[in-house]
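Student: I am new to this structure and would like a close look at one part of its packing. Could you choose one place, go through it slowly, and then show how it fits into the whole?

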Amino acid sequence: EATVRRAGLGVDASLRAFALGFESANSAPGQPAAIDLTRPVPDVPERATSPRAQALLDAIRRDFPAFAQPMLTAGVRRQIEFQDLPYAEDYLRRMKAIRDLDAQHGGDARQWALTCAAARYVATAMAYDDVIRVADLKTRGTRFDRVRTEVGARAGQLVDTTEFMHPRLEEICGTLPVRLGRWLENSNAFGGFVERRLGKGRRLRSGTLGGFLMLYTLAGMRRFRRSTLRHQIETESLESWLALIARLAPRDYALAVETVNCRRLVKGYSDTHVRGGGKYRQLIAAADQLVGRPDAADALRALRDTALANVKCEPMERQIAEKLAA
């Protein structure tokens, strides 16, 4: 209260708000209500909206174990939303290879753990958060409706949304064709220009015509996504990860499952993606070195838990070195 008074701005209103908050905290129950952390199981519908989508649904029911079908259905939906039906077909093609690998080394005896884990994380790896997807999410009608609900806007009230955009050089170059993107990414002049213009981020009012059209046009670039530098980078990373899983499964099934789960670290956009991706690559390298140890799966799981809990994003080199030396 003394600090509020010393500030000298809106003192009475601030003190009233503080008093109400203090009273509410004092009257709160000693034991907070339990939070429901369960997630609903994705549904597997009987019918799809088109013959081509129905073929994918039939393939899931016919070619995959029941354990994995709900997550595979969610994965197909995500690929269609992210790109298109052919992209969802690519997802199932990759999953069939993993199912075959699982059938040889785990299968029913392991409750298809490798297939179930891959169904989720191959889907998220293929539907990565690039500039195009971020723009798409920010221009959806459902998003504007959600914002209105969250701020409690009444009918007839206008809500103006301001987006904070902080694209890195890699994100900008990633939206370009491969050769042009690589050339600009290695250009000191272009990199300096981006840093000067966007180094501290920009604010964009998506509720205005100009701001909305800018984002909407960027979202429309999804039709060119497969030819972009970012897509090439993500595809190479995905194939390398799947190749590692294929090498590990015959030697250590449990380690292969934990390697799949390491993909959980790669998420978000811009700096968040860079931090998570860096820790993910360190864990993948460690998985290759842990092969042959009886505690390999447990060691990799412990490293992943440490990485997920490492909110300060400190380097993982020391923890990895200790696990490898143990």
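**From one side chain to a helix and its partners**

Tutor: Setting aside residues up to four places away in sequence, Phe-190 touches Leu-169, Ile-172, Cys-173 and Leu-184, where contact means heavy atoms within 4.5 Å. This is a predicted model, in which local features need pLDDT of at least 70 and side-chain atom pairs count only at pLDDT 80 or more, while totals for chains, interfaces and linings use all residues. Residues are numbered from 1 along each chain as its sequence is written, and side-chain values use heavy atoms, with hydrogens and water left out. Phe-190 belongs to helix α11 (residues 188-198), helices being DSSP runs of H or I with at least four residues and strands runs of E with at least two, numbered from the N terminus. Asp-130 lies 60 residues from Phe-190 along the chain, and their C-alpha atoms are separated by 20 Å.

The part to study closely is helix α13, and a good place to enter it is Ile-245, which is found in that helix. Ile-245 has 2% relative accessibility and therefore counts as buried (under 20% relative accessible area, with exposed over 50% and partly exposed in between, using a 1.4 Å probe and protein chains only). Apart from neighbours within four places in sequence, Ile-245 is in contact with Leu-101, Leu-114, Ala-256, Thr-259 and Val-260. Val-257 is 12 residues from Ile-245 in sequence, and the two C-alpha atoms are 8.0 Å apart.

Helix α13 (residues 229-248) packs against helix α15 (residues 271-290) at an angle of about 25°, the axes lying 11 Å apart. The two helices are therefore roughly parallel to each other, a label for angles under 35 degrees, with over 145 counted as roughly antiparallel, 65 to 115 as roughly perpendicular and the rest as oblique. From α13, the residues Arg-230, Glu-234, Ser-237, Trp-241, Leu-244, Arg-247 and Leu-248 meet His-273, Tyr-280, Ile-284, Ala-287 and Asp-288 of α15.

A second partner of α13 is helix α10 (residues 178-185), which packs with it at an angle of about 95°, with 8 Å between the axes. That angle makes α10 roughly perpendicular to α13. Here Val-178, Gly-181, Arg-182 and Glu-185 in α10 meet Leu-229, Gln-232 and Ile-233 in α13.

Trp-241 of α13, already named in the contact with α15, leads on to the largest nonpolar core, which has 56 residues and in which Leu-72, Tyr-91, Leu-92, Met-95, Leu-114, Val-122 and Trp-241 have the most contacts; such a core is a set of buried Ala, Val, Leu, Ile, Met, Phe, Trp, Tyr and Cys residues joined through side-chain atoms within 4.5 Å. Among the elements that give two or more residues to this core are α5 (85-105), α13, α14 (253-261) and α15, and α6 supplies the largest share, nine residues. Leu-92, one of the residues with the most contacts there, is in contact with Leu-56, Ala-59, Ile-60, Phe-64, Leu-72 and Val-76, leaving aside its neighbours within four places in sequence.

As for the whole, the protein has 17 helices and two strands, and buried residues make up 40% of its 326 residues. Of the contacts between residues at least 6 apart in sequence, 68% join residues at least 24 apart. Taken along the principal axes, the C-alpha atoms fill a box of roughly 70 × 50 × 50 Å.

Terms used:
Axes fitted to C-alpha atoms, helices over the stretch in contact; angles between N-to-C directions.
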